[in-house]
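Take a look at the chain below. This report goes from its surface to its inside, and then to its charged pairs.

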Amino acid sequence: MSTTEMDPLDSLLFSLSKTLCSPFAVFLQLQGCSICLILALGWACAAYVRNREIKRMKDSMQRGNSFAFLCQDIMELEHSNQVNLPRVSVVMPLKGFGEHNLHNWRSQITSLYGGPLEFIFVVESTEDPAYHAVSMLTSELKEEVDAKIIVAGLSTTCSQKVHNQLVGVDKMHKDSKYVLFLDDDVRFHPGSIGALTTEMEKNPDIFIQTGYPLDLPSGSLGSYCIYEYHMPCSMGFATGGRTFFLWGGCMMASSYHLLSMHADDFRLDRYGVVSGLRDGGYSDDMTLAAISGAHKRLITSPPVAVFPHPLASDLSFSRYWNYLRKQTFVLESYLTKVNWIMNRALFTVHCYLSWGFVTPYLMAIVHVTAALRMYIKGYSVEETTFTFGGLTLVGCLAVCTIVELLSMWNLTRIEVHLCNMLSPEAPNLSLATYNWALVFIALIVDNFLYPISAFRSHFTQSINWSGIRYHLKNGKIFKIERSKDMGPTYTDLGGKHLGKKGAPPKLSFLSCLSRSFAQWYQPKKYDS
């Protein structure tokens, strides 16, 4: 076959493949391989920290400590030690009621912490489905746990979640030394509160303690995208000690400061914790992390602070997109100029690395397609501009991807094992439920969409969170809009019913994106 008879599309494909072997294109593809290997290394380090804790627990059990899932030294369970444990108040802001909530709440309030402990459930109003569900639970366990429900009312100067948290802190017991903020979509281990409190007592310099979720995908692509989004972030929480990150689903602080922090941090508004949250605060964890950094305070994440996070069985792609929008929107909120610079740096680096990760796979598609066309059509190498250098790069990318997925699999395996050891009474979690083909697809999809979501958040400066639209100005909430017809019937991750009439239409992947781009310029039009 002569070159004049070559299909024009094939000729274009071979030329494009050759262009993608230029020095700059090779750099981009090798950069993608480097990103894969860096992620693999980070997950390997995180796996080492988690696995070290598993070995410690097993060694403790071999020495006769059958309660290693509660404490390192069985002598800590002596009555003389238990009576001296500090009082802890657990504040849980609630919104809606879903398939996993009852199980999660039970795991949180049936703690085996030996000290004084109170649970404060905070809802926006009695019309919230969560109010009736948690009322039944607290009535059932009223003889066993100290729990109460607080109706916080509507927020006016900050996000509803932050408002609920601050109302909960205001209502907590006056003698509480520590306050622990928990989201209602994670399962707690029996010894988690004790482990967090022990670390706080050991090191008075700790400002806040935190943890991180282990996502349990439900099988949909959206749920795997959320799992993939959280996995790179999990490296920063698997340090076994100091970290610079905070996860709002679990924060302990002194009651003097707030969150899994000291209770007095909140009471006395030390470091501006309360005012920073109350006066325009959108994100609890980003605000507190900024305060911690500004005052050079210590944030830690114990190696046992990893919590199962079951995702809704009907988690659609549109709900994943809404969740991603909320995650990128937090980078638009800030307290100080330094905080703004840090957020811009995170924004830039994350967007660059996300598309830097995806680009080599798009190039690889071109190289592989060109090779297949040459084979199918029977073209000789001399007839085409095809070069085998492109296939070499594809091979390198394939190897790096396999290494990356193996490292992610290993970390997930270890965290599943650790969670099973920390909750011996609960049904065992299994790695067999994970679909690794979907995990790979989610890697590409999530990293492709992250910059799109981030840029949209930057240019709109508004977000619809569970039926409430927040508008930012200079990094703080300055306007809150509510409407009976605004927002979804269900929340993004847990599939919780929010008590709204009607159900949202199921959107396809393309419909979700087209709606989102249209909403970029006309956000109010699409609130209903």
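## A nonpolar patch on the surface

Helix α13 gives the largest share of the nonpolar patch, three residues. The model is a predicted one. The patch lies on the surface and is formed by Phe24, Phe27, Val349, Tyr352 and Leu353. Together these residues have about 530 Å² of accessible area. Two elements, α2 and α13, give two or more residues to the patch.

Phe24 is a good residue to find in the picture. It sits in helix α2. Is Phe24 buried or exposed? Its relative accessible area is 58%, over the 50% cut-off, so Phe24 counts as exposed.

## The chain as a whole

Now step back. The chain has 16 helices and 14 strands. Its length is 528 residues, and 56% of them count as buried. The chain exposes about 23000 Å². Carbon and sulfur atoms supply 61% of that area.

How do contacts link the chain? Take the contacts with a separation of 6 or more. Residues 24 or more positions apart account for 76% of them.

## Two nonpolar cores

How many residues does the largest nonpolar core have? The number is 63. Tyr320, Phe357 and Leu449 have the most contacts inside this core. Several elements give two or more residues to the core: α2 (23–62), β6 (212–216), α8 (221–234), α12 (317–329), α13 (337–377), α14 (389–422) and α15 (436–460). Helix α14 supplies the largest share, 12 residues.

Another core lies apart from this one. It has 34 residues, including Leu94, Val123, Ile193 and Leu298.

Helices α2 and α13 come up twice in this report. Each gives two or more residues to the largest core, and each gives two or more to the surface patch.

## Salt bridges

Side chains of opposite charge can pair when their charged atoms come close. The count here comes to 13 salt bridges.

Start with Glu53 and Arg56, whose closest N and O atoms are 2.6 Å apart. Both residues lie in helix α2. They are three residues apart, about one turn of the helix. Glu53 has 9% relative accessibility, under the 20% cut-off, so Glu53 counts as buried. Arg56 has a relative accessible area of 21%, which makes Arg56 partly exposed.

Next comes Lys148 with Glu118, with the closest N and O atoms 4.0 Å apart. This pair links distant parts of the chain, 30 residues apart. Lys148 is in strand β3 (residues 147–151), and Glu118 is in strand β2 (residues 117–123). Lys148 is partly exposed, at 32% relative accessible area. Glu118 is buried, at 3%.

Glu481 pairs with Lys479, and their closest N and O atoms are 3.3 Å apart. Which of these two residues is buried? Glu481 is, with 16% relative accessibility. Lys479 is partly exposed, with a relative accessible area of 34%.

Finally, look for a network. Salt bridges link Lys161, Asp183 and Asp284 in one.

Note on methods:
Residues are numbered from 1 along each chain as its sequence is written. This is a predicted model: local features need pLDDT of at least 70, side-chain atom pairs count only at pLDDT 80 or more; totals for chains, interfaces and linings use all residues. Side-chain values use heavy atoms; hydrogens and water are left out. A nonpolar core is a set of buried Ala, Val, Leu, Ile, Met, Phe, Trp, Tyr and Cys residues joined through side-chain atoms within 4.5 Å. Buried means under 20% relative accessible area, exposed over 50%, partly exposed in between (1.4 Å probe, protein chains only). Helices (H or I, at least four residues) and strands (E, at least two) are DSSP runs, numbered from the N terminus. Contact means heavy atoms within 4.5 Å. Accessible areas come from the Shrake-Rupley method with a 1.4 Å probe; for residues, only the protein chains shown count as cover. Patches are made of residues with over 30% relative accessible area and no salt bridge: like charges are joined within 9 Å, nonpolar side chains (Val, Leu, Ile, Met, Phe, Trp, Tyr) within 5 Å. A salt bridge is a side-chain nitrogen of Lys or Arg within 4 Å of a carboxyl oxygen of Asp or Glu.
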